[in-house]
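User: I've got this one open and I'd like a close look at a single part of it, the last strand and whatever sits around it. Could you walk me through that in one go?

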Amino acid sequence: MFGAGLPVCVVLSDRPCPALALAEEQGVAAELVDRSGFGGFGPGFDRDGFTATLAATLVAHQVDLVAMAGFGTVLGEAVHRAFPDRILNTHPALLPAFPGWHGVRDALAAHVPETGCTVHLATLEMDAGPILAQEVVPVLPGDTEETLHERIKVVERTLYPATVAWALGELEAGREIRPPARVPAPAGAGAAVGAASRGGGVAQLGQLEGVDEEMTS
């Protein structure tokens, strides 16, 4: 997000991670709402309490749009009430195909000729929100989960910032974020941002790359 020139005003993570240090290097607020204070990763995790604290933290920063990137905790209703239809997520598959934590692995297991990246509005149901943008990535002979995921990430690094910039522009124009008639072109990512932020700008939720999806829920 930083490289695309987007107006990021806060980076929030659910565990200590490099994303927080990067935010501080960029002069952006870094917030840790640590799962360990809400029961950690076990069955006693207080999802509602965690979500309420996270939502209040974002509201305090007056953000316009929330962009999740590598954020592994499934959030409850409070954040969707605070930011209705203003939470974006990215997924390494062409939704509605292969939702869930293992989209790349599942695509390989299904022997599909192509998969890709999807940017969608987040909802209470995982990976089921309205699709805003997609880009295809071919599955090559000999691909492993790691090699295919890396090629999807290359696409994601362009498609996601471009879609965030487009969504900010929609909010600036007084429109709700809805699936566009035409997918926003990735080439416009940098140019679309200048006047897009009405207030706090974008809140990025995530841990950067390499999050252990087996440890999230």
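What follows is a walk from strand E7 out into the rest of the sheet.

Analyst: Sure, and keep in mind that this is a predicted model. The mean pLDDT is 87, and 87% of the residues reach 70 or more. Two stretches fall short of that: pLDDT stays under 50 over residues 184–199, where the model has 32 contacts beyond four places in sequence. Residues 209–215 are also below 50, with 10 contacts in the model beyond near neighbours in sequence. I'd keep those numbers in mind while reading the rest.

On to the strand itself. E7 covers residues 202–206, and glutamine 204 is one of them. The strand is mostly covered, with five of its five residues buried. Val202, Gln204 and Gly206 point one way, Ala203 and Leu205 point the other way, and all of them are buried. That fits a general habit: in a regular strand, side chains alternate between the two faces of the sheet.

Where does E7 sit in the sheet order? The sheet is open and has seven strands, in the order E2-E1-E7-E3-E4-E5-E6, with mixed pairing. Strands E2 (29–32) and E6 (131–138) are at the edges with a single partner strand each, so one side of each has no neighbour in the sheet. From one strand to the next, the twist averages 20°.

E7 has E1 on one side and E3 on the other in that order. With E1, the pairing is parallel over four bridges, and leucine 12 stands opposite leucine 205 of E7. With E3 (residues 65–69), the strands also run parallel, joined by five bridges. Here alanine 67 has glutamine 204 as its bridge partner in E7.

Glutamine 204 deserves a moment of its own. Its relative accessibility is 11%, which is why it counts as buried, the cut-off being under 20%. Leaving out residues up to four places away in sequence, glutamine 204 touches Met1, Val10, Val11, Leu12, Ala67 and Ala69. Among those contacts is Ala67, the bridge partner from the E3 pairing.

Val11 leads us to another residue, since phenylalanine 2 is in contact with it as well. Phenylalanine 2 is in the segment before strand E1 (8–13), and at 22% relative accessibility it counts as partly exposed. Beyond its neighbours within four places in sequence, phenylalanine 2 contacts Val8, Val11, Leu22, Ala23, Gln26 and Val28. Of these, valine 28 is 26 residues away in sequence, with the two C-alpha atoms 9.9 Å apart.

Now for the helices on the sheet. Helix H2 (residues 47–60) lies across E1, E2, E3 and E7, at about 165° to E1. Helix H5 (residues 145–172) packs on the sheet too, touching E3, strand E4 (87–91), E5, E6 and E7, and its direction makes about 160° with that of E6. E7 therefore appears in the contact lists of both H2 and H5, given that contact means heavy atoms within 4.5 Å.

Further along the sheet, the pairing sense changes from what E7 shows with its partners: strand E5 (residues 114–121) and E6 pair antiparallel over seven bridges. In that pairing, glutamate 114 stands opposite proline 138 in E6.

A few backbone details lie out that way. Leucine 95 and proline 96 are joined by a cis peptide bond, with omega at about 10°, and proline 96 is in the loop between E4 and helix H4 (103–109). Histidine 111, in the loop between H4 and E5, has a positive phi of about 55° although it isn't a glycine, and counts as exposed at 71% relative accessibility. Aspartate 127 is in the loop between E5 and E6; its phi is positive too, at about 60°, but aspartate 127 is buried, with a relative accessible area of 12%. These stand out because most residues other than glycine have a negative phi, and most peptide bonds are trans.

Stepping back to the whole chain, there are five helices and seven strands, following the pattern β-α-β-α-β-α-β-α-β-β-α-β along the sequence. Buried residues make up 46% of the 217. Of the contacts with a separation of 6 or more, 65% are between residues 24 or more positions apart.

Conventions:
Residues numbered from 1 in each chain as written. Predicted model: local features only at pLDDT ≥ 70, side-chain atom pairs only at ≥ 80, totals over all residues. Heavy atoms only, no water. pLDDT = per-residue confidence, 0-100. Helix = DSSP H or I, 4+ residues; strand = E, 2+ residues; numbered from the N terminus. Buried < 20%, exposed > 50% of the residue type's maximum accessible area, 1.4 Å probe, protein only. Pairing = 2+ DSSP bridges. Axes fitted to C-alpha atoms, helices over the stretch in contact; angles between N-to-C directions.
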